[in-house]
Amino acid sequence: MSDTPTTTGFSAIIKHPQYFIPTGDTQFLAQNVLFKVHRYFFEREPSSFREIFSDSDGNTKPYTLDVKPEDFAHFLWVFYDEDFEYENQPLERWLVILRLATRWGFGKVRKLVVRQLERLDLQPIDKIKIYSDFKIDAQLLIPSYSTLAKSPTLPSLSEAAKLDIETILRLTMVRERALQKAAEDGCRSPTSASAGDEDVKRFICEIFGLPNTSTAKPPNTVAEGGSADGVDDTTESLVPTLQNPTPGGKKKKNANANGNSNAVSGCRMFKLLFTESAQNGQHTNGKTFPF
């Protein structure tokens, strides 16, 4: 197969070196990079792609995405990483995947990202910022809120600027309640750090309007990856433009853009996942799909 880029009236179309897979049955065009992957991954759960596919059933031309090629490649990596090597991945990669999973309605991918974020050593303010932006279960932020509330020093202006004014005010209220509690308990030089952990947790739950997990079961857990306010944050307004199929390259058989062996690995992964049980968590060929 020739590796000569396909040309259009505007720019040359190049095939992604890893994710133009010979056995793929759906093509996507991100800017000038062509992807050929398995449609199965985009139809396994409700997402914005289901409706797009149903409206253009039978089309073989690529679907145009309004995302960067490198971002779409990160998203595909979740499906085609044969060994599930999710450990030690940079935060930036997970945030790209989380953003696209949220926009496109991939709930299971979103849950996977939340589980990985919980394993990272994030600074409290950074974690609050990320989880608030993506409406991830706010109960997962209680340890971060507690760390800030009991800190002997206030965050710097640059750090505080990452948070919205409401969050800052609520944290200030928690600190004041903790200081008052420490004074009531007889501490000679009370600070917010002098209050007990359970007291601070109770203040956080009251002020932030969160269920206290000490006495009530949380509506969503880490495994659930639920939203902060219990609503679906993959709303229609967040779904990116997915245009009608446009010409972007003819189908090729038995080869990818440059013969990269990663495509073969991706094909094996597809075969594994395609035969997986419909029930989550059930083993297939000795492996378990992580979401």
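Select Lys129 to begin the tour of this predicted model. Lys129 has a relative accessible area of 34%, so the residue counts as partly exposed. Now add Asp133 to the selection and display both side chains. They meet in a salt bridge, with 3.3 Å from N to O. The two residues belong to helix H6, where they stand 4 residues apart, or about one turn of the helix. Asp133 is partly exposed, because its relative accessible area is 45%.

Next, colour the protein chain by pLDDT while helix H6 is still in view. Helix H6, residues 124–133, has the highest mean pLDDT among the elements of the chain, at 98. The lowest mean, 40, belongs to helix H11, residues 262–274. For the protein chain, the mean pLDDT is 77, and 68% of the residues reach 70 or more.

Two stretches deserve caution in this colouring. Select residues 228–289, where the pLDDT is below 50. The model nevertheless gives this stretch 117 contacts beyond near neighbours in sequence. Then move to residues 1–5, over which the pLDDT stays under 50. For residues 1–5 the model has 11 contacts beyond four places in sequence.

The tour now returns to charged pairs. Side chains of opposite charge can pair when their charged atoms come close. In this model the count comes to 14 salt bridges. One of them is found by selecting Arg103 and Asp66, whose side chains meet at 3.6 Å, N to O. Which parts does this pair tie together? Arg103 lies in helix H4, whereas Asp66 lies in the loop between strand S5 (63–65) and helix H3, so the bridge links parts that are 37 residues apart in sequence. Display the accessible surface here and examine each partner in turn. Arg103 counts as buried, because its relative accessibility is 19%, under the 20% cut-off. Asp66, at 40% relative accessibility, counts as partly exposed.

Proceed to helix H10, residues 197–208, and select Arg202 and Glu206, which both lie in this helix. Like the pair in the opening selection, they are 4 residues apart, about one turn of the helix. Their side chains form a salt bridge of 3.8 Å, N to O. Glu206 is partly exposed at 44% relative accessibility, and Arg202 is partly exposed at 31%. Extend the selection to Arg177 and Asp199: salt bridges that share partners join Arg177, Asp199, Arg202 and Glu206 into one network.

The final stops concern the backbone. Most residues other than glycine have a negative phi. Select Gln31, which is not a glycine and yet has a positive phi of about 55 degrees. Where does Gln31 lie? Gln31 is in the loop between strand S3 (26–30) and strand S4 (33–37). Is Gln31 buried or exposed? Gln31 counts as exposed, because its relative accessibility is 55%.

Finally, centre the view on Asn88, in the loop between helix H3 (69–80) and helix H4 (91–104). Asn88 is not a glycine, but its phi is positive, at about 60 degrees. With a relative accessible area of 79%, Asn88 is exposed. Helix H4, at one end of this loop, is also the helix in which Arg103 lies.

Notes
Residues are numbered from 1 along each chain as its sequence is written. This is a predicted model: local features need pLDDT of at least 70, side-chain atom pairs count only at pLDDT 80 or more; totals for chains, interfaces and linings use all residues. Side-chain values use heavy atoms; hydrogens and water are left out. pLDDT is the predictor's confidence in each residue, from 0 to 100. Contact means heavy atoms within 4.5 Å. Buried means under 20% relative accessible area, exposed over 50%, partly exposed in between (1.4 Å probe, protein chains only). A salt bridge is a side-chain nitrogen of Lys or Arg within 4 Å of a carboxyl oxygen of Asp or Glu.
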